[in-house]
Number of protein chains: 2
Amino acid sequence: MVIKLDLYRIFCVVGKNQSFSGAAKELFMTQPAISQSIMQLEKELDTRLFNRTPKGVTLTNEGSLLLEYANSAINLIEIGEEKIAEFKNLTIGELRIGVGDTISKYFLLPQLEAFRNRYPNLKLKIENGTTDSLISLLKSGGVDIVVCNLPVDDPSLNVTPCMDIHDTFVYGDKYRKLLARPIGFRELAKLPLIFLEPSSNSRKYVEDHFLSKGVKISPEFELGSHDLVVEFARMNMGIACVTREFTKDYLESGALHEVQLTEQIPYRSIGVCSLKSVPLSPASSRFVELIEG
Amino acid sequence: MVIKLDLYRIFCVVGKNQSFSGAAKELFMTQPAISQSIMQLEKELDTRLFNRTPKGVTLTNEGSLLLEYANSAINLIEIGEEKIAEFKNLTIGELRIGVGDTISKYFLLPQLEAFRNRYPNLKLKIENGTTDSLISLLKSGGVDIVVCNLPVDDPSLNVTPCMDIHDTFVYGDKYRKLLARPIGFRELAKLPLIFLEPSSNSRKYVEDHFLSKGVKISPEFELGSHDLVVEFARMNMGIACVTREFTKDYLESGALHEVQLTEQIPYRSIGVCSLKSVPLSPASSRFVELIEG
DNA sequence: TAACCATATAAACACCCCTTATATCCATTA
DNA sequence: TAATGGATATAAGGGGTGTTTATATGGTTA
């Protein structure tokens, strides 16, 4: 027979008060309840814990010893509960986000900054990688959520789009006259093009779309990051395929100009992915609210 | 609302097993009981502690953290229970005995030695003093039991006689002829007498008994310890009032001889006294058994 | 697709713990 | 010494809670 732990809570309070009736008040119980609880504990331990006196009770040696242990135990539980509360406050804990490089810089970083200011004690861990590698990281428990380019088609994931992005082509001043009027995919493909590497999700998306229209591209430059692509365009190395939303500053300042296309490239979305089977942690859930809201 | 501590015990077992049904087996409960207990704990903490998977459950971050605290707490309780068991085994704890000097040396010491051999881990504290001072020490909680000369007449004490002692008079070789035949109190009182100090319980007892027979004694020597009294008799300084049981060696070896009295001094007893209001500790109770048995 | 193993849900029952009521003991005070 | 007050002990009844049985649901595996 295992001794009920709740008896120890009562025991601690009685030990503190040196009185059954005093403990009863503190615990919002009646004196007989306390009396019986202590008697039960004493019976199960086969040890007298208190000496009853006309003015209360006093601990026996055994009782004193036990009280130290019981007090510590209950304190530990209380500290544990406090820690849990801190988790809920997001004053402790961690948030592990998987995110693609470009999204990281232009979309997630500002959000992360705000989030960090709000919950400065939360540990943040950011994992970079391709969409595919991030999704498998998510499934293996390496990250809590993944922010990546959609579509992601996986029945075991919750996928929530949170921002639309548009693939577009931009150029520097040198090409201004040449591109003064709208052009089609086929004409565009003949110009010197600047793209991301073929492995990149964005590159594949645009390239596939062109292919579906019967147009094959063969870029002059294939670069490792969106930043580089933008810089090359600004240096008039060619026409760059970029994400409009991540090139906003250059477009608004007039450093770059957008190609007018006669056909549209359908927009894509950035979305948050999480495992259906694992409920979001408080931190993840709060972060998702933030970037969706 | 305070969270029931027993939920934490279940939580620990589930955490260890990473499985509700596994924990159910270990706890001799059914799986739904575990399921509901964890759900209740999660509800009261408003925090998910386990992620349910098809092959069991896994701890969330919150759960992991809480488990450390809960495990430690329950371990503490278990250690406390073990300590209590040690108290019962008399492998820890202490025994505080109040005892008169003479009794200490001739009666208690041998018993104490046996007791200590049997329970070597028990701390022993011996307090010396007069019967009166020991009784008040007992009442103030300074000792657990008192071994002293009876009678002790106090309604708040349990008094158990455990050995009879006899007051008698002894002498050395010089008095041999003089005391070859039985004599009465009155004649005895005229001889040079060696007694304990007037404050001693034994002295008072014998002196009072003589007085009740109309005989007043005026000892030649009044000494501080029974040992001294015996030694003075051996050195033929007079006729010594001693306890027969504590002078056995001298009498048997012929170093001292016992006065043949025509009237008897009623025997007294040595007894163990304890407070009625305070049950004996395991150690006290075991010791009392020993000296009574 | 069926079987198996995991957790979740629902409902009934049994047990336990708490409360109310009362007793008892001791100490203090009139 | 009797009476009062405050402490714990005891007894009995009732309500709540936790456990069980029964069943559902979901997911992996063969």
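How far is a phosphate oxygen of DNA strand D from an N or O atom in the side chain of Ser35(A)? The distance is 2.6 Å. This is a predicted model, in which local features need pLDDT of at least 70, side-chain atom pairs count only at pLDDT 80 or more, and totals for chains, interfaces and linings use all residues. Residues are numbered from 1 along each chain as its sequence is written, chains are lettered from A and ligands numbered from 1 in the order in which they are written, and side-chain values use heavy atoms, with hydrogens and water left out.

Ser35(A) is also among the closest of the 22 residues that surround DNA strand D. The others named as closest are Phe20(A), Ser21(A), Arg52(A) and Thr30(B). A residue is near the strand if one of its heavy atoms lies within 4 Å of it. Of the atoms of DNA strand D that come within 4 Å of the protein, 63% belong to sugar and phosphate. Bases are approached too. A polar side-chain atom of Gln31(A) lies 3.1 Å from a base nitrogen of DNA strand D. For Gln36(B), a polar side-chain atom lies 3.1 Å from a base oxygen of that strand.

Several elements supply at least two residues each to the surface near DNA strand D. In chain A they are helix 2 (20-26), helix 3 (31-45) and strand 2 (56-59). In chain B, helix 3 (31-45) does so. Helices (H or I, at least four residues) and strands (E, at least two) are DSSP runs, numbered from the N terminus. By class, this surface has ten nonpolar, ten polar and two charged residues. Here Ala, Val, Leu, Ile, Met, Phe, Trp, Tyr, Cys and Pro count as nonpolar, Asp, Glu, Lys and Arg as charged, and the others, Gly among them, as polar.

The two chains also meet each other. In chain B, 38 residues are in contact (heavy atoms within 4.5 Å) with 38 residues of chain A. The buried area is about 3400 Å², and carbon and sulfur atoms give 69% of it. Buried area is the accessible area (1.4 Å probe) that two parts lose on being put together, summed over both. Leu5(B), Tyr69(B) and Ile84(B) lose the most area in chain B, together 19% of what that side buries.

Three salt bridges link the chains. A salt bridge is a side-chain nitrogen of Lys or Arg within 4 Å of a carboxyl oxygen of Asp or Glu. One joins Lys4(B) and Asp6(A) (4.0 Å, N to O).

Methods. A polar contact is a pair of N or O atoms within 3.5 Å; within protein, one must be able to donate a hydrogen and the other to accept it, and residues adjacent in sequence count only if both atoms are side-chain atoms.
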